[in-house]
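The following paragraphs go through a predicted model. They take up the ligand site and then the confidence of the prediction.

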Amino acid sequence: MAFFTEYLADPSTQRELLSQTAEHIYLTAVPVLIAVILGLGLGITAHRSPQLRSPILSVVSTFLTIPSLALFALLIPIVGIGATPAIIALTLYALLPIVRNTVSGLFSVDRAVVESAKGMGMSATMRLWKIELPNAWPVMLAGVRVATLLTVGIAAIAALVGGPGLGQEIFTGIRRIPAAGSLESLLGGTVAIVLLAILFDLLYLAIGRLTIPRGIRE
Amino acid sequence: MSTTLTPPDAQDATRRQQAMDEDAASARRDRRAAVIRYLGMPVFLLLVLLGLYLWVTSQELDSIEARTLTLDSLLGQTQQHITLTLYSTFFVLLLAVPLGILATRPKLRRYAPAIIGLGNAGQAIPSLGLLALLFYIFRTQPALPSTGTFPVVVSLVGYSFLPILRNTMVGLDQVDRFVLEAGRGMGMSNRKVLRSIELPLAVPVVLAGVRTALVLNVGTAALAFLFGGGGLGETIFSGFQLRRTPVLLTGAILVAVLALLVDYIAGLIEEKLTPKGL
Amino acid sequence: MSNATSPETEIASLGEETPPGQTMIELKDLTKRFPGQETPAVDRLNLEIPKGEIVVFVGPSGCGKTTSLKMINRIIEPSSGNIIMDGQDVTSIDPNQLRRRIGYVIQQIGLFPHIRVGDNVATVPNLLGWDRERTTARVDELLDVVGLPPDQYRERFPKELSGGQRQRVGVARALAADPPVLLMDEPFGAIDPITRTRLQNEFLRLQSELQKTICFVTHDIDEAIKMGDRIAILREGSRVAQFATPEEILTNPANEFVEDFVGTGATLKRLKLTRVREVEPTEALVGTVDEDRAELRRRFDESEWTAMLLLDEQRRPLQWLRGTDLRSSRPLTEVGLRARATVEEQATLSDALEEMLLGAAGVAIVVDRRGAYQGLLDVDDIITAIQTMRDATAEFYRAAKLVDPEAEAGA
Ligand SMILES: Nc1ncnc2c1ncn2[C@@H]1O[C@H](COP(=O)(O)OP(=O)(O)OP(=O)(O)O)[C@@H](O)[C@H]1O
Ligand SMILES: [Mg+2]
């Protein structure tokens, strides 16, 4: 392990890793945020409309079937090299878990609960915001969490086609295999991404604690 | 009493009419949906390939582009890509599915949550990093072969192993919970339960595993070029490095089409082989 | 939250037009045909529901009770037909406004799991835009009414309640905005028998104060008889087999279907419907402890009775005394037989019969609320009562048949 601590002790490594971590967080958070907004709308639509449900779900899962390197590359001629193609592609990837869990979360709300809300004269919009979404929230949040984990990992690949983030450190290592120093870079980038994933996970734990009403916890 | 009435809620008022139309419409929809489901994807992929061909041939390719985009090299890379995908899928299934079945047997049950937890945690490891680390081991251990398909396939298997194991176990676990007790309740022996209930019910779980593994591996095989394993990732990457859009797009589109095609075929197989009524 | 027009002015006056006993809800040819089904689930249902009464829809499973009920607040949109409420056709008004004025209780209760009990009860007041003080006061009042001390229960979540408590909250929630009409679909269906009986009794007590117009669905004829001022016995397609008071249905089932549905023991069920006070009690030979013993003996000897009922100073029954007891020298309170088998005036004839069979004397002593003697009931009185009721209803039906030979068929 000595070699690794040496690598980490180097100030230039530290500077590199820190700025790449910041880029990686940006590369994860922005697509997830966009995907939450889009996914909520798509999920609600898919829940409402039996006709649109399977088209929405199959299009969204088709995105996830396209290999990330290919999707990044496809976007480069359109939006140029850099963070933009990565952000667009990662948004498309993050959609599936969010849409799917929004749909299944909404379906998991007890029908008697929705019916009694209707029976008391709540309009469709009110039922959605006051009854259905709050009760679907734990499942939806789980979907956002999965989407985030997915995005953190795939974001590394953006580096292969000129994107920012911790993938750059891994890519540096790959190009030098089996030369000295390559293992350090591979480990440095990978471990940093895993730590980032764990941090995001803890964040979601905290968000769950804060936002899931006590009445529907567990 | 005053008769000031608000206009009827549009949704509720139109429902009567909708109810009547629904029957005929749903039958029509079903038929159209079936056609789209079976033919939509292949037709779409064909059109994409045709479009790509027409576009590339209409371009004036410079010498670098012309050299990269030969039919030979593209076919060769496609073949490499498919080989990598099939090998890694075969081996990962060979390892992960029996292990998954074993790990869900009553005697080993108590380890199941830990293994599934490990599988979940494995999601946090980036594919690029894991592949590179596995490949690094091959390159630096003199006892192991350092070039060719073998190290790449092992790396791909190493990457897809945990997800497939986890999916198999979760799938079997669900089957078990609902059905086992019913079987026991009818007085079947353990072996009879395994043979006549669990294994048939495990078929869809295994088939789903095949599909997942194929899709996962066809995607990661796009990274194989980084480790000397070839595949269509090579074209994408040279297109990017040489700043040649036709090359970049050709690679990207071929990879995407291949992945979608693999997923489509795996989906068909899954559907056809899944026992009816499950 | 609400539409531009104030929701409370829309149908807030629902029920103020109609005097008690007049038709509050009228169902006219109400029909529901679900898509893809050959026969309608509800086939031209016609029914008039009087104000302030509990009308019970009862019938075999799948006959369309729930569908009929849900068309009244348009959870299910009717395929055709009309719903007239308080003289107003509500078949095509804004259903959300309508529903805010109709309480709704279902078997699965459907409390909102993510908000507290108090907020659950406050749902409709909030929808109607009540101010906070009024709502809070109302919530506390209602929780009290349904027997859940507000301080203890207001802040709980639904999962922290028992099934019976949840159903009470469900009732409180339905009553929150004081709706004149209440729809209840098997409200006590998923609760254990003991709690169910308690909730039924509490609900009847509540209703005697509130006088709501209630449609109540059950598939349990006993519950129908207990809860209903009027019962609509429905058969497939929600066709009315009989619509009448429980008494009429028990003594004079309109047809074989009703007879089968009511089942055996109709007469015993009938006894549960008649109160002791409705029957003329027999006068017994009574004496009080403050009377002279010689005087008591004289009255006993002059009568044809074989025993005398001794009462205390407040005229509460003490002992049954025979001739030998009156002649003995021991204090009167220590001789004779303890007077048991007392029934209050509001007890049912069924209770009285049970007391008679348990007590040795073969009679039941009727007492008032304070326990003071009112008279005696014996088995003959009960049989006579049954006879009279049967004749009266039969008379009514004979008269009805002369006017309308179809009346018996009920459809
Ligand atoms: N949403 C629906 N779609 C299609 N058919 C329905 C629907 N709801 C009810 N039905 C059918 O309508 C008929 C009447 O159903 P309903 O629920 O009103 O019966 P019920 O009298 O309440 O029975 P139960 O005592 O079992 O609750 C049944 O045959 C039922 O299958
Ligand atoms: Mg019902």
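In this predicted model, the backbone of C:Cys63 places a polar atom 3.2 Å from an oxygen atom of ligand 1. Two side chains also make polar contacts with the ligand. In C:Thr67, a side-chain N or O atom is 2.5 Å from an oxygen atom of ligand 1. In C:Gln37, a polar side-chain atom lies 2.8 Å from a nitrogen atom of the ligand. Taken on its own, ligand 1 has 630 Å² of accessible area, of which the protein covers 59%.

These three residues belong to a wider set around the ligand. Among its members are C:Ser61, C:Gly62, C:Cys63, C:Gly64, C:Lys65, C:Thr66 and C:Thr67. The shell also includes C:Phe34, C:Gln37 and C:Ala41, together with C:Glu186. Sorted by class, the residues around ligand 1 comprise six polar, three nonpolar and two charged ones. C:Lys65 and C:Glu186 are the charged members of this shell, while C:Phe34, C:Ala41 and C:Cys63 count as nonpolar.

How confident is the prediction for chain C? Its average pLDDT is 85, and 89% of the residues score at least 70. Two stretches of the chain fall under 50. One covers residues 1-12 of chain C, where pLDDT stays under 50; the model nevertheless gives this stretch 29 contacts beyond four places in sequence. The other is residues 400-411 of chain C, with pLDDT below 50 and nine contacts beyond near neighbours in sequence. For the complex, the predictor reports a pTM of 0.78 and an ipTM of 0.88.

Terms used:
Residues numbered from 1 in each chain as written. Chains lettered and ligands numbered in written order. Predicted model: local features only at pLDDT ≥ 70, side-chain atom pairs only at ≥ 80, totals over all residues. Heavy atoms only, no water. pLDDT = per-residue confidence, 0-100. Contact = heavy atoms within 4.5 Å. Near = heavy atom within 4 Å. Polar contact = N/O pair within 3.5 Å; in protein donor to acceptor, adjacent residues only side chain to side chain. Areas by Shrake-Rupley, 256 points an atom, 1.4 Å probe, with all protein chains shown as cover.
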